[in-house]
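Biologist: Please take one helix of this protein and go through it closely. I would like to know how it sits against the rest of the chain, and what the setting around it looks like.

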Amino acid sequence: MIKDRTIKFLRCLFNTPSKIPVEAQIEITNKCNFTCPMCPREIMDVPLTNMDFGLFKEVVRKLSGVKDFILTGWGEPLLHPNFFEMVDFVSSINPDTRIRFTTNGSLLNKDVRKKILSSKIEQVSLSIDGYSYDSHNPLSPQHNGHTESKGIIENITALASERNSNRRPAIVFQSTVQNNNLKGLKNLVEFAGKNGIDRMNLVRLDVRGQILNPKSKIRNLKRPSIDEERQIYRELKNAGRDFNLPVFFINQQGLLLQMAGHFDRLCFRTVDHVYINIKGDVTPCCILRKMKTGSLLKDDVEQIWNGKIFKKFRANQLKVCKGCDALKRRHHH
Ligand code: SF4
Ligand code: SF4
């Protein structure tokens, strides 16, 4: 992991992308059974549909050589009727590929868990923003994030306990850092530690939807200041030690990102990552999902990645991405 991060950092610092993308995130569906208050997909005008399975196969064939597949767009991947066939198809094309996806946990019933456990999925990321469920003393969630209902908590506990001794797939919590939610997050650290969750990734509350569409009245999301974020991170990291749970903060990636920041190189994404939208278009990331740099129905990924449009984007990235602080150490208010 340290080696991978160092390579990413050097690529980012010297603006030298990998030969082909290492990581491809595929928007297999934008349908979701949740309506989280902080989700920007509606104001981003994301079409709420599934990717056609035939198109998915064509896309995956063109992504030969990519090592890491993330089968998640702006929705709940388990809603796609062909989800497990997609997983099998990716691993049949390239058995060494790493496959992961992110879920809100609501559909992890017994049957789905069984399929996950017998598949080549290496990591399940669970979007969960706190732990307020307590059968004796239910608390009201103090956050704008993904709900943690009794059913979801039971699904996660079951998935974690049904894994074999290799603890595969890895289970990672992805939790947004929000105001007034330290207690919920501390409870979540305890729950994660006690149930053998492998890691907790804290992420900054996403307000990019508001930036993409300033006229939107989207819920006036507020997030902790940088100093508050740091404090929350420190406390949760310390709490994690008590339960043997590694806690990371995606936006506080330590020295490497600070150094890159001095050179205005603030996003690691565009050195080795592509996003494939529902139409099979290649774009730089999920936020820029409309910024087509090419189509996998016409070209293969190497041509697109090294093509004129992608190069132009990289050259103008600071301007194009202005306002996005998704991966920055600093953030805007
Ligand atoms: S679960 Fe994820 S995709 Fe669905 S509404 Fe919530 S944030 Fe959006
Ligand atoms: S929009 Fe944000 S996440 Fe996407 S490439 Fe630009 S800086 Fe990176």
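Modeller: A term is needed before the helix itself: a residue is called exposed if 12 or fewer other C-beta atoms lie within 10 Å of its own C-beta atom, and buried if 20 or more do. The model is a predicted one, and the part to look at is helix α8, residues 226-242.

On the face of α8 turned away from its buried side are the exposed residues Asp227, Asn238, Arg241 and Asp242. The buried residues of this helix are Glu229, Ile232, Leu236, Ala239 and Gly240. These buried residues lie on the same side of α8, because they cover an arc of only 105 degrees around the axis.

What lies over that buried side? The cover of the buried residues includes the strands β5 (170-177), β6 (199-204) and β7 (247-249), together with helix α6 (182-194).

Tyr233 is also a residue of α8. Tyr233 has 18 other C-beta atoms within 10 Å, so it counts as partly exposed. Between Tyr233 and Phe248 there are 7.9 Å from C-alpha to C-alpha, while in sequence they are 15 residues apart.

The length of the helix can be checked too. With 17 residues at 1.5 Å a residue, α8 should span 24 Å, and its end C-alpha atoms are 25 Å apart, which agrees. After α8 comes Asn244, which has a positive phi, near 60 degrees.

Now the setting. The protein has twelve helices and ten strands. An open sheet of ten strands with mixed pairing runs in the order β7-β6-β5-β4-β3-β2-β1-β8-β9-β10. Its edge strands are β7 and β10 (294-295), each of which pairs on one side only. Thus β7, part of the cover of α8, is also an edge of the sheet. Elsewhere in the sheet, β1 (residues 23-26) and β2 (residues 68-70) run parallel and are joined by three bridges. Glu23 stands opposite Asp68 of β2.

For the protein as a whole, 38% of the 333 residues are buried. Of the contacts with a separation of 6 or more, 71% are between residues 24 or more positions apart.

There is also a ligand. Among the residues around ligand 1 are Cys32, Cys36, Cys39, Arg41, Trp74, Glu76 and His146. By class, the shell of ligand 1 has five nonpolar, five polar and two charged residues.

Key
Residues numbered from 1 in each chain as written. Chains lettered and ligands numbered in written order. Predicted model: local features only at pLDDT ≥ 70, side-chain atom pairs only at ≥ 80, totals over all residues. Helix = DSSP H or I, 4+ residues; strand = E, 2+ residues; numbered from the N terminus. Expected span 1.5 Å × (residues − 1). Arc of directions from axis to C-beta. Contact = placed C-beta atoms within 7 Å. Near = placed C-beta within 6 Å. Nonpolar A, V, L, I, M, F, W, Y, C, P; charged D, E, K, R; others polar. Pairing = 2+ DSSP bridges.
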